[in-house]
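Hi,

Here is the structure I promised to pass on. Have a look at it first, and my notes follow underneath.

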Amino acid sequence: MFGCTDNYNRVSTYFKLTPDGQLSRAEEKNYGDKSNITYIYPLNSNYLFVEYGNQGKIFLWNGTLVQSGIESGLIKSNIQNDKFLISKKNNNTKIEWTIYNIPTEFNQNINPIFGPKQLELKGNLTSYPDSNSLFATTEGGFGYVYIVNNSPIIDSPSINITKYSVYVTFWEPKRTDFGPHFLLDQYDAKGLWIKLCGAQIDGLGYYCSIYQNTTESGIEKVSGFTISFLQSGAVLKYDTIYESGQSDRVLWEYPLPYGGKITETYTYTSSYQFTLSDQFGKQRDSWNISSILKNFQSWPPSWIILPNNIFLTATIGDNNITIYSKNLPYFLKNDTGYENPLIEITYPPRNTIIPLGLGEINITYSNEISLSNNNNNNISIYRNDTIPIIRQSISGINCRVGSDKKTIIVKLLESTFNQPDQVYFIVVDNNFVKDANYNEAIKGIRRNIWQFKTTTLTGLLRLNTNGTSNFTESRNSSGFFETLEDQLALTIPVERDRIEIINHKTDKSGSAGYEILQLKISSINDKLERNPMEIANNLDTMVKNKWLSPISNYSHTGFLDEDYGFQVKPNIWEEYKLSLIAIAVIAIILMALYFIGRKKNSEGKNFIFVSITLILVDVVVDIIFVVNNGKDVRDLYLPSGLAAYIVITEITINDEYVLWLQKHAKPAALFTLLSAADIDVLNLFYSKYANFELFNAPISKRVEYLIFWGSGINIFIEDIPQFIIQVRFS
């Protein structure tokens with residue numbers, strides 16, 4: 001919403017710009033005397049705070065008055081905890097503050113939660129209008145930064161230098177008062193003022209942009225700098241963001257949704273300049289808006305930054321309203337798509353296809369993390385409908401931090417992702433996790449950023465003996481499928497374009513072959529229609545009871561096997577994609593090792609690493625067997641000593657092997673240890689892989705003979721009994 005003024009700087013009318021680009025005149029009658037309106041502040045997507053001098057009123061965005069009689073002042077909302085804070089100067093050393101709730105439903109009263117209360121400052125507030133600033137914290141609270149001045153250190157008609165001190169204090173959601181006051185810095189200057197404070201969008205903590213007036217050699221100078229600090233009061237760094245040798249005036253600064261800020265200045269050449277930069281004043285990009293809006297009659301123009309990072313300004317001309325917009329640059333560095341540079345990767349990744357019933361998600365950060373103790377901060381999973389439907393909400397007590405100390409692992413209910421072919425998104429609240437080193441709240445993930453889609457539902461139908469024969473004899477399989485699809489659409493019933501037979505194969509496992517058909521059921525954006533899972537359940541019931549359902553009334557649906565029904569099958573690729581990719585990568589590495597070894601020594605046992613990989617898998621299986629089945633048959637606790645016997649006896653009779661062993665003691669010890677689980681590991685000793693000396697031990701023929709027969713005996717004394725025990729005690 002924006003207002004237009006007449007030639008006497010009085011508000012003449014209000015307009016509302018909707019997300020679809022529609023411009024409409026607001027309901028003016030609800031706002032009373034528009035000329036008395038001094039400020040409009042959006043509390044959230046439902047409510048507006050309209051200031052009339054020293055008093056304020058709360059309106060819905062449609063102009064409906066909700067509440068009046070609220071004292072105005074410096075105002076800031078924190079939509080994470082549905083609160084807003086109003087502060088006003090009581091005297092030079094105190095401010096009065098009140099925190100109100102923001103209703104989650106329409107037409108509820110706005111009630112004070114805390115206050116009005118007094119906040120004692122560390123000195124006298126300066127006379128500058130921008131001597132204090134409110135900002136929302138990542139934890140759901142508020143920060144208050146203010147500047148106090150001490151006695152002038154140089155006081156003369158020509159020079160007036162004062163020592164200024166900058167303090168910050170925080171209100172946390174679990175507190176009833178503001179906490180301790182932390183000194184951020186002190187400055188000697190003619191004047192000092194705050195233009196912008198807020199949470200760091202590209203890291204931890206908070207920052208403030210502060211400007212000062214100084215005089216050098218009789219020339220007025222304006223300089224700006226950024227202070228970065230934590231909620232503990234620790235100052236991280238200072239950055240110079242602005243320097244001017246002329247009397248340029250910084251009018252306003254505004255944070256950008258995707259990092260950085262926009263600074264509006266009025267230059268000594270009487271023009272309005274907008275500067276884009278990161279929050280530290282680097283990567284500057286300027287454009288002179290005066291040349292673009294030279295025909296506008298009202299100056300300076302009002303402007304705003306939309307959530308999609310678009311600069312928007314509107315002003316009234318002679319007979320029209322002109323709107324100008326500009327896409328702003330993206331300053332957020334090291335971002336992997338989550339608008340949070342501290343997040344390295346998630347599972348599942350953004351914009352991917354996930355299997356139904358996914359049981360776990362995780363987030364990996366670049367810093368070590370710890371879980372927040374605030375149970376009001378959750379991870380929430382939504383199905384992206386017209387009105388998003390929450391599927392599960394998880395607090396920190398139901399999560400754990402992985403062994404790397406950087407990954408949060410969240411277990412899910414099988415019912416969370418239960419609708420096929422649907423878009424879901426995950427919201428992570430601010431302060432769900434903290435930085436483990438600084439105990440500082442970490443920014444979360446807003447809605448519609450971490451989103452993905454569930455796989456399309458597919459299932460299997462089976463033709464009975466008559467149906468299989470009819471299909472086999474048919475020369476037009478596509479015609480057979482089309483007829484079957486038509487009849488299924490009639491009997492279920494369902495829209496024809498929502499079902500499709502996408503594959504078929506012959507099942508030869510029984511005495512008679514049956515034709516298996518894979519049926520895909522698509523979703524539709526209509527709440528009145530059944531979802532794919534409901535259709536699948538109905539189809540299964542109808543096929544299994546086809547003599548009681550319309551299935552048996554039609555030629556082709558009558559061929560469906562009632563003993564088989566409709567069996568929903570997962571998308572194998574999506575469910576096991578990561579495992580299959582890992583296997584493929586391992587296979588490529590093994591093949592590369594084979595060709596490298598073959599190139600250097602074509603006579604060597606170059607497939608040895610393939611064998612070793614299989615042996616390592618066997619070792620893991622053996623360990624699992626011992627853990628799960630070791631106590632089932634205690635008499636089989638027999639240690640393998642053959643490998644040790646071979647190595648020890650070879651040392652006593654083979655001097656060349658002893659010399660080789662002295663050069664390669666550590667890898668030889670590792671090979672010997674692994675050979676206790678599988679004697680085939682000893683084949684590495686004399687594999688002659690790539691002509692490396694490590695794999696060319698001078699083993700005697702006797703040892704080769706023992707390894708060969710030991711491998712054969714191992715099948716009968718280990719592998720076969722292990723298989724029998726697992727079957728017997730499963």
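Ile-713 sits in helix 11, which runs over residues 701-728. Keep in mind that this is a predicted model. Ile-713 has 45% relative accessibility, so it counts as partly exposed. It also belongs to a nonpolar surface patch, together with Tyr-705, Phe-708, Trp-709, Ile-715, Phe-716, Ile-717, Ile-720, Phe-723 and Ile-724. Taken together, the patch residues have about 1100 Å² of accessible area.

On to the cysteines. The count comes to one disulfide, and Cys-197 and Cys-208 form it, with their sulfur atoms 1.9 Å apart. The link is right-handed, with 115° about the S-S bond. Cys-197 is in strand 17 (residues 191-199) and Cys-208 in strand 18 (residues 206-216), so the disulfide ties together parts that are eleven residues apart in sequence. Both Cys-197 and Cys-208 are buried. Cys-399 counts as buried too, because its relative accessibility is 11% and the cut-off for buried is under 20%.

Then there's an open sheet of five strands, with mixed pairing and the order 29-39-36-32-33. Strand 29 (353-354) and strand 33 (389-395) are at the edges with a single partner strand each, so one side of each has no neighbour in the sheet. Further in, strand 36 (residues 423-428) pairs with strand 39 (residues 445-454) in the antiparallel sense, over five bridges. If you want a spot to zoom in on, Val-428 stands opposite Ile-445 of strand 39.

Cheers

Conventions: Residues numbered from 1 in each chain as written. Predicted model: local features only at pLDDT ≥ 70, side-chain atom pairs only at ≥ 80, totals over all residues. Heavy atoms only, no water. Patch = residues over 30% accessible without salt bridge, like charges linked within 9 Å, V, L, I, M, F, W, Y side chains within 5 Å. Areas by Shrake-Rupley, 256 points an atom, 1.4 Å probe, with all protein chains shown as cover. Salt bridge = Lys/Arg side-chain N within 4 Å of Asp/Glu carboxyl O. Helix = DSSP H or I, 4+ residues; strand = E, 2+ residues; numbered from the N terminus. Buried < 20%, exposed > 50% of the residue type's maximum accessible area, 1.4 Å probe, protein only. Disulfide = S-S within 2.5 Å. Pairing = 2+ DSSP bridges.
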